[in-house]
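Let's work through a few short exercises together. Keep the structure open beside you and try each task before reading its solution.

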Amino acid sequence: MKTIAFSVQPYERPFFDELNRTYDHDLSFIEAQLTPDTAALAKGYECVCAFVNDELDAGNLRTLAEGGVKVIALRSAGFNHVDLEAAGEHRLTVVRVPAYSPHAVAEHTICLMMALNRKVHRAYNRVREGNFELNGLMGFDVHGKTAGVVGTGKIGECVAEILKGFGCRILGFDPVRNPDCEKLGMTYVDLPELLEESDIVTLHCPLTPETEHLIDAEAISKMKPGAMLVNTSRGGVVDTGAVIDGLKKEKLGSLGLDVYEEEGDFFFRDLSDKVIQDDQLARLLTFPNVIVTGHQAFFTHEALHAIVDTTLANIRKVEEEGRCDNEVSAEKHVTEKNEKG
Ligand code: NAD
């Protein structure tokens, strides 16, 4: 299928080049994000391949459909950035990569937890300066602590499995219970109880109207003083202003973020010679007990291989059969939610 892929980084090209030998799609690549300024570049293509910060709102979807696009192939599991109603109105088929490597995201989550706890970011800088002092670097034993997992799907389950290995007591909050998490020994509780009891709270739910700002000032007020919060799900699940306030008041002990509410303006590009114009992001970067990574939790060789392979297979399936199991639509989304309760 004649496809244009937006937001393609140099590290993705070798995967496309290798795997497309099997699928033989007619592929074009651009590094630019899909925005109102770039959407017209898709004119004449049947498929648009997009990543997490490409803007698939009603206006851009209309431009794409008017230019002849029939398929939107997401290189992500999350589809919160797509206006599914508008896609349906324009008869655009939207496909995604529902699972690639939950281990990649889970392992990065644990990496943030351990680095924050043992202050590896500070120790690294100190030692390079010849400062071998330990003051300010004290951590805690993760063994025996309580970890709260919000969203116990594929990634939440992997995180729980690793934390079990550390010897943690694991609490879970999810409207749908995962029996494999229960087998691991996870205890399901409601969100307030999870927040009150947990030394570490880690977020693994999708961004939906229900989860937007799930962690707000009220949620933070319920957390244990000094608790750690880690978010590798989607930026909008956390109210950034509220966490900054929680850090300033020393209610939050530490914060690890791989995602940020306004990340679309910053992540996936080198802005090291620019002044950061976003005051909340700039403030977050000043705290000694905050680590921000630029949406890299998925970024392993295995995950990229799986993302590109599934994306190319999704496009072929729609091309040959007009449908695909990895399709998402407003209708399917509502049905799935109702089925899950
Ligand atoms: P999944 O669908 O397997 O699991 C998500 C879980 O969240 C489900 O069990 C669902 O029931 C639960 N959930 C839904 N609404 C909830 C709510 N209101 N409160 C608590 N739980 C709720 O998805 P997954 O593969 O585990 O991925 C989870 C999220 O991780 C994705 O939606 C995506 O946003 C994010 N993600 C981030 C990266 C990254 O690189 N940082 C990569 C992949 C995925």
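**Exercise 1.** In which helix is the place of E319?

Solution. Keep in mind that this is a predicted model. Look along residues 301-321: they make up helix α12, and E319 sits there. Next, check its accessibility: the value is 42%, so E319 counts as partly exposed, the class between 20% and 50%. Finally, look at the surface, where E319 joins D24, D26, E46 and E320 in a patch of negative charge.

**Exercise 2.** Find out how K183 and D180 are paired.

Solution. Start with the idea that side chains of opposite charge can pair when their charged atoms come close. For K183 and D180, the closest N and O atoms are 3.4 Å apart. The cut-off is 4 Å, so this pair counts as a salt bridge. Now locate the two residues: they lie three residues apart in helix α7 (residues 179-184), which puts about one helical turn between them. As for accessibility, K183 is exposed at 68%, whereas D180 is partly exposed at 37%.

**Exercise 3.** Do the same for K222 and E218: what separates them in helix α9?

Solution. These two are four residues apart in the helix, which spans residues 217-222, and about one helical turn separates them. Their closest N and O atoms are 3.0 Å apart, and they form a salt bridge. K222 is partly exposed at 26%, while E218 is exposed at 52%.

**Exercise 4.** How many salt bridges does the count come to?

Solution. The count comes to eleven. Another one to look up is R177 with E182, at 3.2 Å between the closest N and O atoms.

Technical notes
Residues numbered from 1 in each chain as written. Predicted model: local features only at pLDDT ≥ 70, side-chain atom pairs only at ≥ 80, totals over all residues. Heavy atoms only, no water. Patch = residues over 30% accessible without salt bridge, like charges linked within 9 Å, V, L, I, M, F, W, Y side chains within 5 Å. Areas by Shrake-Rupley, 256 points an atom, 1.4 Å probe, with all protein chains shown as cover. Salt bridge = Lys/Arg side-chain N within 4 Å of Asp/Glu carboxyl O. Lys, Arg positive; Asp, Glu negative; His and termini not counted. Charge placed at Lys NZ, Arg CZ, Asp CG, Glu CD. Buried < 20%, exposed > 50% of the residue type's maximum accessible area, 1.4 Å probe, protein only.
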